[in-house]
Structure formats: structure tokens, C-alpha cells
Amino acid sequence: MSQERTDGLVWYRHHRTGFTLPLPPWWELREDVDQKVAMIAVEPDAGTGFRANVVVTVDEVPEGASLSDWQELNDRVSVEVMTDYLLIDEETFRHAGRTFQRRLAHHTVDETIPVTIQQWSTLAGGSGYTLTGSATTLTFSQTAGMFAAVAAGFTVESEGLA
Amino acid sequence: MSVLFDRESGRLRLDRASFDALLAIAAGVDPPQEGFERVVAASVVEGSTIHPAVAPAVVAAEAPVARARLTMFNEVGRDVGGSIWVGTHSAGYLMSSGDDLYELIATGSAFFPASIARIVALGPRSHSAITPWRMPVDLLDRLVDTTESKRRLAADEITSIVDEPVTRGFVQGVVEGPWWYWSLQVEWPAAPGGDGGRSLHVLDTRQGMAILSLSDDMIAVDPIGPTDVFRLLTMILPRDDEVVFA
């Protein structure tokens, strides 16, 4: 990570997949966790349970699938894998020369923790890039601004996985 | 039967007297006989113990940190709503079911925003933003009347003030339906200098959503999307420094 911004976030670039975004430099960073999870940034452990986090995943997208096709597929998967998944909002917009889809959703973690997620997804070179910010629901108003700043700086330079 | 209880799922529908009996049991005082007999007969209470699927809701109602009232109605006059008590760890929702029975639902306190979102069917909507406008309270009353002709006259008055395509479409959507107008009011014993309450009023149509607020005896109507409605729901309960705990 390098180049601090005026909001305290620091630019980060993932070299293998070519995306860039700003992150809180005091968050714990893990890279290339598995084939799909390119990066996880997690807030420091304050002993309060769920830790807010930012995750970027890079998926192979079926050939010829549009962003909305891919997102519909992701929606069906989310309903299956996330407990009590509730889609609250979605919108499509242009950012940094690409079409993005933003989603806000709610789900339950470990049966007792309400978690709100914001996702920004885009396609590049046959791959699907998803930035997900997750936080406990009652802290959503505190984290939403930071997640929005991270998303505002999220760009995908690559034309797909190397 | 005025108490319907499914022990497997924990689903409970009951009348007000039976709910009052549960409250009395949670408070450790003698419950009213009529309601007590019903909750015992339905196995909601065994001995003096409330079934664990129901107890968190009753505990919250007996000693709430905050009380909430949700009211919803639509263009055909259907009313939905209920009383909600939010305790330290759990929340209880006593929701009207359109008949003499209420449904009592328990959740963790932190699930309050998501529970309200589910009840009001918060979900993706059009992001076309209306132009804000202000109107007298009685014009809002006529706009959300259950009689279409009254809504149409109110819409004509509004579009004579704000004649812009998105807003005209929104108002026309209110005339034609479907829509829901819902209000959530939350109150708590205020800490010194505090307000002791917050509220949220939303008009939800197929053409988008609007947030309504009282401003100088006028109703201010502003565009809002589901994300911001949910954000407000996450902020509507009192912070620890806003409330006096009993």
C-alpha cells in the first residue's frame, strides 16, 4: 500500500488481477486467499465479535454473460448460501469507464449477528470483479461512508486474469 | 380460540388479554385469569415459565429500552402495523393480523432494522429522483386517501406546483396505486437535553420512494432510495447516551 489520501485511506493495487482501491492502512490485509478471493482487508480485532471488512473477489464469468446475467446468477447463489439473505437495493451506473452494479443486502452470520453488505460489481476481460464491504447492521451508518469512499476509488485496469 | 401457538415453529397468535397475561408473568405479578387460562391451554406457558420461543419478546415488552409503533396503509385502505418493544438483548413485535388476533414475534434487538425492512417490504426501487416539494398536511391526507378521485384532485394540485416528469409520474403512481405509506415512530425515556424519539415516514410506490417530514407546519417531500431508508432504520434506535435506563 502507498500514497495516503486526504481521507486517511491509502491506495492499494492488486498486481495479479490489476484492480486498485483505497483502504484504511490500519486494517489487516490478506492477499490471494484462494483462487477467487484476491484480497481481504479486515478492521482490527476489538474483541467485539464480527469485524468489518472489505473483500474483492474475481470470478470467471460464463462466456457471453452480461453484467446483469452474472448478477442474477449471484443473487440466486446469495439466497442459497447466505442465511436470511434480503436484497434491499440495487442500481447500475457508470464509473471509471465501466458499468457497475451496486447492491445493498442483509444477512445473518453465525445465527445471531445481523450483517449488512454493500457490493460493487463490474466485468473486465471475461472476469467479474466484486468489491464487498460488510459490517454489523447497527454500525452500518458508521462504515457506509468509508465503504463508499473505497468503492469510489475502485478501478479495474486489467483485461482479465493473467 | 384466541391463542394459536405452534410449538415447533414458535409462531404465536393471540388476543390482547392473553398478551397482557404474558406481560404480567414476565413482571412476576398475578396475571389476569382469562388471559392466563388461554396461554396455559395453548402451552405458551407451562407452570410459570413462558415458552423459550416467545419469552424474548415478552421480556423486551416488559422492560423495553425503546418503544416503537409501525403503521402502514395502502390505496385500498388495508392497515398493517403493530407495537414493538426493543430491549437490551431482544425485541418483541406485536403485529396486527387483520383480525382480532396479534402475532407476537421475537428477534434479537440488533435485528430491528432488518425486521422493519422485511415488514415494509423494503427492496430495490426506481432511482429516478423526484423534485422535492412542500405541501400542507391536509393535501398529504388527500393524496393518500383511499378514494382515487380524492387522490387525483390532490395530485392535480401538486403537479400544478411541481410540473416535472419524474415527480408527475410519482404522483400519478400514488393516484393509481399500488403504494404503501408507512410510519415508524420510536420513543424512549430521554437523557437530559435529549429528544426522546425519532420517526420515519415513507411513501413507497412503484415509481420510487419519498421521505416525508414535518417542517414549519408543512410536509416536506424529498426523494429517497432503499439504501438511505435502511441507513435511517439503522440509526433510529437510541444510542446509549440518549436514553435513561430504568
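**Exercise 1. Pairing around strand E6 of chain B**

Which residue of E6(B) does Thr71(B) stand opposite? Then trace the strands on either side of E6(B) in this predicted model.

*Solution.*

1. Thr71(B) faces Gly81(B), a residue of E6(B).
2. Strand E5 of chain B covers residues 66-74, and 8 bridges tie E5(B) to E6(B) in an antiparallel arrangement.
3. The link between E5(B) and E6(B) is a hairpin with 4 residues in between. In that turn, Gly77(B) has a positive phi of about 85°.
4. E6(B) also pairs with strand E7 of chain B (residues 90-96), through 5 bridges and again antiparallel.
5. On this side, Val86(B) stands opposite Ala91(B) of E7(B), and a hairpin of 3 residues joins E6(B) to E7(B).
6. As for cover, E6(B) spans residues 79-86, and 6 of its 8 residues are buried.

**Exercise 2. Chain B as a whole**

Describe the secondary structure, extent, burial and contacts of chain B.

*Solution.*

1. Chain B contains 8 helices and 13 strands.
2. Along the principal axes, its C-alpha atoms fill a box of roughly 65 × 45 × 30 Å.
3. Chain B has 246 residues, of which 48% count as buried.
4. The accessible surface of chain B is about 11600 Å², and carbon and sulfur atoms account for 51% of that area.
5. Take the contacts in chain B between residues at least 6 apart in sequence: 56% of them join residues at least 24 apart.

**Exercise 3. The interface of chain A and chain B**

How many residues does the contact take from chain A and from chain B? Characterise the area buried there.

*Solution.*

1. Chain A gives 20 residues to the contact and chain B gives 16 residues.
2. The two chains bury about 1600 Å² between them, with 70% coming from carbon and sulfur atoms.
3. On the chain A side, the residues that lose the most area to chain B are Leu86(A), Ile88(A) and Leu138(A), which together make up 33% of what that side buries.
4. A search for salt bridges across the interface of chain A and chain B finds 0.

**Exercise 4. A nonpolar patch on chain A**

Why can Val77(A) belong to a surface patch?

*Solution.*

1. Val77(A) lies in helix H1 of chain A, residues 67-81.
2. A patch residue needs over 30% relative accessible area.
3. Val77(A) has 39% and is partly exposed, so Val77(A) passes this cut-off.
4. Together with Leu73(A) and Val81(A), Val77(A) makes a nonpolar surface patch of about 240 Å².

Terms used:
Residues are numbered from 1 along each chain as its sequence is written. Chains are lettered from A and ligands numbered from 1 in the order in which they are written. This is a predicted model: local features need pLDDT of at least 70, side-chain atom pairs count only at pLDDT 80 or more; totals for chains, interfaces and linings use all residues. Side-chain values use heavy atoms; hydrogens and water are left out. Patches are made of residues with over 30% relative accessible area and no salt bridge: like charges are joined within 9 Å, nonpolar side chains (Val, Leu, Ile, Met, Phe, Trp, Tyr) within 5 Å. Accessible areas come from the Shrake-Rupley method with a 1.4 Å probe; for residues, only the protein chains shown count as cover. A salt bridge is a side-chain nitrogen of Lys or Arg within 4 Å of a carboxyl oxygen of Asp or Glu. Helices (H or I, at least four residues) and strands (E, at least two) are DSSP runs, numbered from the N terminus. Buried means under 20% relative accessible area, exposed over 50%, partly exposed in between (1.4 Å probe, protein chains only). Two strands pair if DSSP finds at least two bridges between them. Contact means heavy atoms within 4.5 Å. Buried area is the accessible area (1.4 Å probe) that two parts lose on being put together, summed over both.
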